[in-house]
Amino acid sequence: MAVFSVFLTLATPALTFFFFLLIVAFLAYCLYVRHIHMKYDHIPGPPRDSFLLGHSPSFLRIMKNGGVVHDKFLEWAEKYGPVYRINGLHYVVVCVSSPEATKEILMSPKYPKDKFVYKKLFSLFGQRFLGNGLVTARDHEKWYKQRRIMDPAFSSVYLRGLMGTFNERAEKLMDKLADVADSKKEANMLHLVNCVTLDVIAKVAFGVDLDLLKNSSPFPKAIETCLKGMVYYLRDRFFQFNPKNRGYINEVREACRLLRTTGAQWIDERKTAMQNGDEVPKDILTQIIKTASQEDSMTEEDEEFMLDNFVTFFIAGQETTANQLAFCIMELGRHPDILEKAKKEVDDVIGMKHEISYDDLGKLVYLSQVLKETLRMYPTAPGTSRHIAEDIVIDGIHIPGGINALFNSYVSGRLDKFFKDPLRFDPDRFHPDASKPYYCYYPFSLGPRSCLGKNFAQMEAKVVMAKLLQRFDFTLVPEQTFDILDAGTLRPKSGVLCSLSHRDYKNK
Ligand code: HEM
């Protein structure tokens, strides 16, 4: 009892002081939030849900109800115009759809990628993830050094040399689809094209044969888990503190670890081959090893840095293309007239050839239009963001510096001031004679930080689509949804279920 009263005598002032500090800190924070509000409140935007706290609906709630967060951004862009703000406690961002500002900001190296998103993606729930790799590097000099070293693996000469692999992997998909057509089963096209794009990136980038249409592998699931984990990690800052989420968070960490340990193993094998003087391809893996160090010995950080880029290419180079292919098949299934026109072009250009050449790809003009229109409605990597350090004026609105700006290609692609009747799938918007969209169409982002794999992805997509159109008739299984699943990247919720039959293409 005596011990307890001594404890109380000492503890009470300490506790009082602690609570006093807490209240002072809270009041200081409220003043800080108020200061931020006053700085940015003149910018139009949705009303805050309280004097102190953040933006209107919780993004997580939209996601949990199966909605697409980007639809909310679109609704606000329609309501509040080319630049509007959203608040999240003391954090304010501006969402920009003004073409002039998009051009000025994205085309210039002056505006780095923002810290809130890209620094955070260094790790997921404490497990290193994209680190300082090409997508997340923020410092211009450090990024530029990497990009210069990677560029040869994406030059047009090098890409021409990949046509063999694109053809070969797409043929494996055709074999699989032939089995599906013979068995009269339904095909989940998203799953199948995912296997192909993962096979392609593993082979082309890292020289590894996965053959996922035959073998099972933990990679597709690991990539999906990382991307979904990334969404929770970025969009809900309290997610990791909820004990209920502990199991899921461990799963995400485990998925990141799997990608990194696989990377370490594949890199080691390649380094040994290089040290033994074996001939190695000048592929993405070789370039990744070069970006890490020009010296003979590598530090631990060099090793980690190589893994950052390994994971970056594994993630960036696969899912986005697979989702584009699946959305493309979905829209062709919904538009028989467009499908027929695309098939006719393939028949005229490719005929019954199995080996599609680089030059053939250039002649598939309508198919290119179809793929572009697919990314207008479904930009599978829907945006990017930049830090605006100094004051700027966007469409007459003064934006004080020290803010992040979001550029959302889903929003721009669906605003009717940029694209007439935007919910109509119309590849003729991208007809070679049509006027080019002015800084409102950027599914691969724009400027120095635009997608390094754009040409790679579109060559791969064209080879797969051309072979599919050449060999098969397909129809969408009735009553499936055409909704979008917002899972970091955008993908078709239904998986795009199709019934297939063989085309009598040899007689065309
Ligand atoms: C349809 C397919 C693809 C789409 C829609 C797409 C889209 C994008 C977008 C929007 C960015 C900018 C990301 C940001 O600012 O945060 C980006 C960056 C990047 N993408 Fe892609 N991508 C695709 C395919 C690929 C492929 C196949 C590869 C590699 C083989 C790749 C590699 C990269 C890399 C390395 C970057 C970072 C570039 C840099 O900052 O220097 N992408 N991509």
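Let's start with two helices, H8 and H19, which lie oblique to each other. What you have here is a predicted model, and this pair is a handy way into it. Two packed helices are described by the angle between their axes and the distance between the axes. For H8 (residues 163–183) and H19 (residues 454–471), the packing angle is about 40° and the axes are 10 Å apart. An angle counts as roughly parallel if it is under 35 degrees and roughly perpendicular from 65 to 115, so a value that falls in neither range nor over 145 is called oblique. The crossing of H8 and H19 is right-handed.

Which residues make that contact? On the H8 side they are Phe166, Asn167, Ala170, Leu173 and Met174, and on the H19 side Met459, Glu460, Val463, Val464, Lys467 and Arg471. Sorted by class, the contact has seven nonpolar, one polar and three charged residues.

H8 also takes us to a sheet, since this helix lies across S5, S10 and S13 and runs at about 90° to S13. Those three strands form an open sheet in the order S5-S13-S10, with antiparallel pairing. Strand S5 (186–188) and strand S10 (472–476) stand at the edges with a single partner strand each, so one side of each has no neighbour in the sheet. On average, and ignoring direction, neighbouring strands here are turned by 40° against each other. If you want to trace the pairing of S10 with S13 (residues 497–502), look for five bridges between these antiparallel strands. Asp473 is a good place to put your finger, as it stands opposite Ser501 in S13.

Now for another sheet. This one is also open, but it has four strands in the order S1-S2-S9-S6, and its pairing is mixed. Its edges are strand S1 (83–88) and strand S6 (383–388); each has a single partner strand, so one side of each is left without a neighbour in the sheet. Neighbouring strands in this sheet are turned by 30° against each other on average, direction ignored. Within it, S2 (residues 91–96) and S9 (residues 403–408) run parallel and are joined by four bridges. Val94 stands opposite Ala405 in S9. Two helices pack on this sheet. Helix H3 (residues 69–80) touches S1, S2 and S9, and its direction makes about 70° with that of S2. Helix H4 (residues 99–106) touches S1, S2, S6 and S9, with its direction at about 115° to that of S9.

What about the ligand? It is surrounded by 22 residues, and the closest are Gly317, Thr320, Thr384, Cys451 and Gly453. Helix H13 (300–316), helix H14 (319–334) and our earlier acquaintance H19 each supply at least two residues of the shell around the ligand. By class, that shell has 11 nonpolar, nine polar and two charged residues.

H14 leads to one more helix pair. Its axis and that of helix H9 (residues 189–206) come within 8 Å and cross at roughly 145°, and H9 passes H14 in a right-handed crossing. From H9, Met189, Leu190, Val193, Asn194 and Thr197 meet Thr321, Ala322, Leu325, Ala326 and Ile329 of H14. This contact has seven nonpolar residues, three polar and no charged. Compare that with the contact of H8 with H19, where three charged residues take part.

How values were computed:
Residues are numbered from 1 along each chain as its sequence is written. This is a predicted model: local features need pLDDT of at least 70, side-chain atom pairs count only at pLDDT 80 or more; totals for chains, interfaces and linings use all residues. Axes are lines fitted to C-alpha atoms, for helices over the stretch in contact, and angles run from 0 to 180 degrees between N-to-C directions. A crossing is left-handed if the near helix is turned anticlockwise from the far one by less than a right angle, and right-handed if clockwise. Two residues are in contact if their C-beta atoms, placed from the backbone, lie within 7 Å. Ala, Val, Leu, Ile, Met, Phe, Trp, Tyr, Cys and Pro count as nonpolar, Asp, Glu, Lys and Arg as charged, and the others, Gly among them, as polar. Two strands pair if DSSP finds at least two bridges between them. A residue is near a molecule or strand if its C-beta atom, placed from the backbone, lies within 6 Å of it.
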